[in-house]
Every structure is written in structure tokens, then in C-alpha cells.
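This report describes a single protein chain, from its overall layout to selected side-chain pairs. The sequence and structure are shown first.

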Amino acid sequence: MKRVLGFSFRSADLPPLSFEFGTRRRVLDLPLILWLTVIWVLLWSTLTWANVLTGLVVSVVVCIAFPLPRVDLGLRLHPWGILCLAVYLFHDMYTSGVKVTRQTFFGLPHRAAVIGVPLRCRSDLMLAATAVAVSNVPGGSIIEVRRATATVFLHVLDADRPEELEAARRKVWRMEELTVRAFGTRDEIARVAEPPPPPQLPAGRPTP
């Protein structure tokens, strides 16, 4: 006997935070329903229980009457992974910000460089998410993402020693691992558990 009701945490075929019901497998996406409800309330310009309830009803009816095609973006939500990524990201932003401030006002001038860092995951979503996470940390910014080879090119401020360049690569790989463990699929999580690939390009040449 087929199940009449199914939830996303039990089925990998469903979008996150959604469920399906009925013999025709109608899918209700909860984030979409909430967003449509917010739009409904904004259209009425008044936040009341009546507008919220009618917005929920209208949103459910719209989702059932006009179902969207299933599109798997490869996004999975792992609460523990999201927490670890947030803690690491805020800590890295703070320590890197302090380091850049010291270099700017109290340290000697440093030579910058552009380095290529090959990633282990090749999906567009994980490449973009990793690039955004790395660019949010002071001291380094992504200037190019090469999709064909899953390589990101990072501009680093401190390139006086080879050890600094290698440390920058390790930080990118660490950010990739945490990002995938927060939002990636099982295959992608297994991929980031493997050792990082060797750099396909030589170390970046410091700029004068």
C-alpha cells in the first residue's frame, strides 16, 4: 500500500522542508507557502490574523492548482553543519579582520598574490557557496571561479612566504568542507572527506 503522506526528511526526492500527499503525489513546499503568505499580507498592507490565515489558504490552493516542476538544486540542510559553518565563519572573520588591521596600521608592507585553489566538489551550487563564504573573510577575495576545473582563484594580501600561500589554500579547503557539510548531498560530503587535490597551477607570483 502506498503512503498517502510523505515528508522531505524521509525522502531525498523532495525539496527541503516540504511534504507530499495524496495518490497524485502533490507536493507542498513550506518555504514557498510562507513566502506567498508574506506577499499576500503585504498586498493588503495590514498584518491581521484574518489576512495571515487567508494568505495561507490562498498559498496552499495556488501550490496545489499550479504545481511547480521538481528541480533538484542539490541543496540539503544539515543543522549541525550549518552551526559549525557559522561559528567558523564568524571566528575567521574576526581573526582575519584583526590581522588585516594590524598589517595596515602597524605592520610592514606585504606583497600580494593570486593563487589557484582546486576544489573537490564540482557542482555549481557548492562552488558558488564556497566562493561567497571565502570572499566574506577579510584578507582574501575570490576574483575568478573556473567551473570546468572546479578551481577558484584567490587574491591574498600576505604572500611573502610560501607557508602563507599554503595556509591560504588550506583555509579555502576548510571552508569548502564546512560549506558542503552544511548544505551538500551525501556524495559531496563523501568527496570533501578525501584529501584535497594538488594545485594544478604553480604558486601565484607576488605582485610588485
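## Terms and basis

A residue is called buried when its relative accessible area is under 20%, exposed when that area is over 50%, and partly exposed in between, using a 1.4 Å probe and protein chains only. By this criterion glutamate 176, at 1% relative accessibility, counts as buried.

The model is predicted, so local features need pLDDT of at least 70 and side-chain atom pairs count only at pLDDT 80 or more, whereas totals for chains, interfaces and linings use all residues. Residues are numbered from 1 along each chain as its sequence is written, and side-chain values use heavy atoms, with hydrogens and water left out.

## Overall architecture

The protein contains six helices and six strands. Helices (H or I, at least four residues) and strands (E, at least two) are DSSP runs numbered from the N terminus. In order from the N terminus, the elements are β-β-β-α-α-α-β-α-β-β-α-α.

Of the 208 residues, 32% count as buried. The exposed area of the protein is about 13,700 Å², of which carbon and sulfur atoms supply 67%; accessible areas come from the Shrake-Rupley method with a 1.4 Å probe, and for residues only the protein chains shown count as cover. Among contacts (heavy atoms within 4.5 Å) with a separation of 6 or more, 63% are between residues 24 or more positions apart.

## Helix α1 and threonine 37

Helix α1 comprises 15 residues (residues 30-44), and its end C-alpha atoms are 21 Å apart, in agreement with the 21 Å expected at 1.5 Å a residue. The expected span is 1.5 Å times one less than the number of residues. Ile33, Thr37 and Val41 are the buried residues of α1. Viewed down the helix axis, these buried residues fall within an arc of 75°, so they line one face of the helix; the arc is that of the directions from the helix axis to the C-beta atoms. Trp35, Leu42 and Leu43 are exposed on the other side of α1. Serine 45, just after α1, takes a positive phi of about 60°.

Threonine 37 has a relative accessibility of 7%. Its side chain makes a polar contact with the side chain of serine 59 at 3.3 Å. A polar contact is a pair of N or O atoms within 3.5 Å; within protein, one must be able to donate a hydrogen and the other to accept it, and residues adjacent in sequence count only if both atoms are side-chain atoms. Apart from neighbours within four places in sequence, threonine 37 is in contact with Val52, Gly55, Leu56 and Ser59.

## Salt bridges of helix α5

The structure holds eight salt bridges, each defined by a side-chain nitrogen of Lys or Arg within 4 Å of a carboxyl oxygen of Asp or Glu. One of them joins glutamate 164 and lysine 99 (3.7 Å, N to O). Glutamate 164 lies in α5 and lysine 99 in α3 (residues 79-105), so this pair ties together parts 65 residues apart in sequence. Glutamate 164 is buried at 18% relative accessibility, whereas lysine 99 is partly exposed at 42%.

Glutamate 176 forms a salt bridge with arginine 120, with the closest N and O atoms 3.2 Å apart. This pair links α5 to the loop between β4 (113-118) and α4 (124-135), across 56 residues. Arginine 120 is buried, with a relative accessible area of 8%. Within α5, arginine 174 and glutamate 177 are three residues apart, about one turn of the helix, and their side chains meet in a salt bridge (3.6 Å, N to O). Arg174, Glu177 and Arg181 are linked in a network of salt bridges.
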